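Let's take a walk through this structure, one stop after another. Keep the viewer open and click along as we go.

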Amino acid sequence: MAHAEECAHELAQLARRTGITVAVAESLTSGRLAATLGAAPNSADWFRGGVVAYSAEVKRTVLGAPDVPVVSRTAAEAMAEGVRSLLKSVAAVAVTGVGGPDPQDGEPAGSVWFAVATDDDVHAWHRQFDGEPEDVLEQTIACAVERLLTTARDLSADDHSV
């Protein structure tokens, strides 16, 4: 988790300089992604908040995910776009996956879909993590925070952050 915390601190510094705001939509991480960002410096200034959408119904009714398997590219993209719009952030990340130990919806344990949404784009990607459920959660949080940091860097370089 140290890597996620380091990335969150760097994101905090960048957000403070550029005015970038972020939000999260998370399922399998059950609020731990939001907690990681919220623990970073000055989070009240740049972290807009998050939606913990553990149930499929919440993913659909609150975040606008269509009636598709919730561990999918489509669901992750809709979750990221939905929370970005709902919380009016510059960037948002979404995570949805199978922590394990058992498979879900035909997806093996450790299967995680991510998406990052900005004004200009939504980008999704998949990772297959190994290990116990706790290991999957830690790797998911680290991957999501790292991609948020990369996105914030790209936005500040493009000067779309303010």
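**Charged pairs, buried spots and a negative patch**

Start with Asp119, which counts as exposed because its relative accessibility is 64%. Keep in mind as you look around that this is a predicted model. So what does the side chain of Asp119 meet in a salt bridge? The partner is Arg84, at 2.9 Å from N to O. That pair links distant parts of the chain, with Arg84 sitting in helix α5 and Asp119 in the loop between β4 (111-117) and β5 (122-128), 35 residues apart. The two ends of the bridge have quite separate surroundings: Asp119 is exposed, while Arg84 has a relative accessible area of 18% and is therefore buried, since the cut-off for that is under 20%.

Stay in that loop for a moment, as Thr118 lies between β4 and β5 too. Thr118 is buried, with a relative accessible area of 13%. Which residues does Thr118 touch, once its neighbours within four places in sequence are set aside? They are Arg84, Val90, Ala91, Thr151 and Leu155. So Arg84 turns up twice here, as a contact of Thr118 and as the salt-bridge partner of Asp119.

Now for the other charged pairs. How many salt bridges does the structure hold? The count is five, and one of them joins the side chains of Arg153 and Glu10, with 2.3 Å between N and O. Arg153 belongs to helix α6 and Glu10 to helix α1 (residues 2-18), so this bridge ties together parts that lie 143 residues apart in sequence. Arg153 is partly exposed at 38% relative accessible area, and Glu10 is partly exposed as well, at 34%.

Another bridge stays within a single helix. The side chains of Arg73 and Glu77 meet at 3.7 Å, N to O. Both residues lie in helix α5 (residues 73-87), four residues apart, which is about one turn of the helix. Arg73 comes out as partly exposed, with 39% relative accessibility.

Not every acidic residue is spoken for by a bridge. On the surface, Asp120, Asp121, Asp154 and Asp158 gather in a patch of negative charge. To find one of them, go to helix α6 (residues 133-158), where Asp158 has its place.

Let's finish with a couple of alanines. Is Ala53 buried or exposed? At 0% relative accessibility, Ala53 counts as buried. You'll find Ala53 in the loop between β2 (47-52) and α4 (56-61). Apart from its neighbours within four places in sequence, Ala53 is in contact with Glu26, Ser27, Val58, Lys59 and Leu63. It's also worth picking out Thr96: Ala53 and Thr96 are 43 residues apart in sequence, yet their C-alpha atoms are 9.0 Å apart in space.

The other alanine to look at is Ala34, in helix α2 (residues 32-38). Ala34 is buried too, with 18% relative accessible area. Leaving out residues up to four places away in sequence, Ala34 touches Val24, Glu26 and Phe47. Notice that Glu26 is on the contact list of Ala34 and on that of Ala53. Lastly, if you trace from Ala34 to Ala115, you cover 81 residues in sequence and 15 Å in space, C-alpha to C-alpha.

How values were computed:
Residues are numbered from 1 along each chain as its sequence is written. This is a predicted model: local features need pLDDT of at least 70, side-chain atom pairs count only at pLDDT 80 or more; totals for chains, interfaces and linings use all residues. Side-chain values use heavy atoms; hydrogens and water are left out. Patches are made of residues with over 30% relative accessible area and no salt bridge: like charges are joined within 9 Å, nonpolar side chains (Val, Leu, Ile, Met, Phe, Trp, Tyr) within 5 Å. Accessible areas come from the Shrake-Rupley method with a 1.4 Å probe; for residues, only the protein chains shown count as cover. A salt bridge is a side-chain nitrogen of Lys or Arg within 4 Å of a carboxyl oxygen of Asp or Glu. Lys and Arg count as positive and Asp and Glu as negative; His and the chain ends are not counted. The place of a charge is taken as NZ of Lys, CZ of Arg, CG of Asp or CD of Glu. Helices (H or I, at least four residues) and strands (E, at least two) are DSSP runs, numbered from the N terminus. Buried means under 20% relative accessible area, exposed over 50%, partly exposed in between (1.4 Å probe, protein chains only). Contact means heavy atoms within 4.5 Å.
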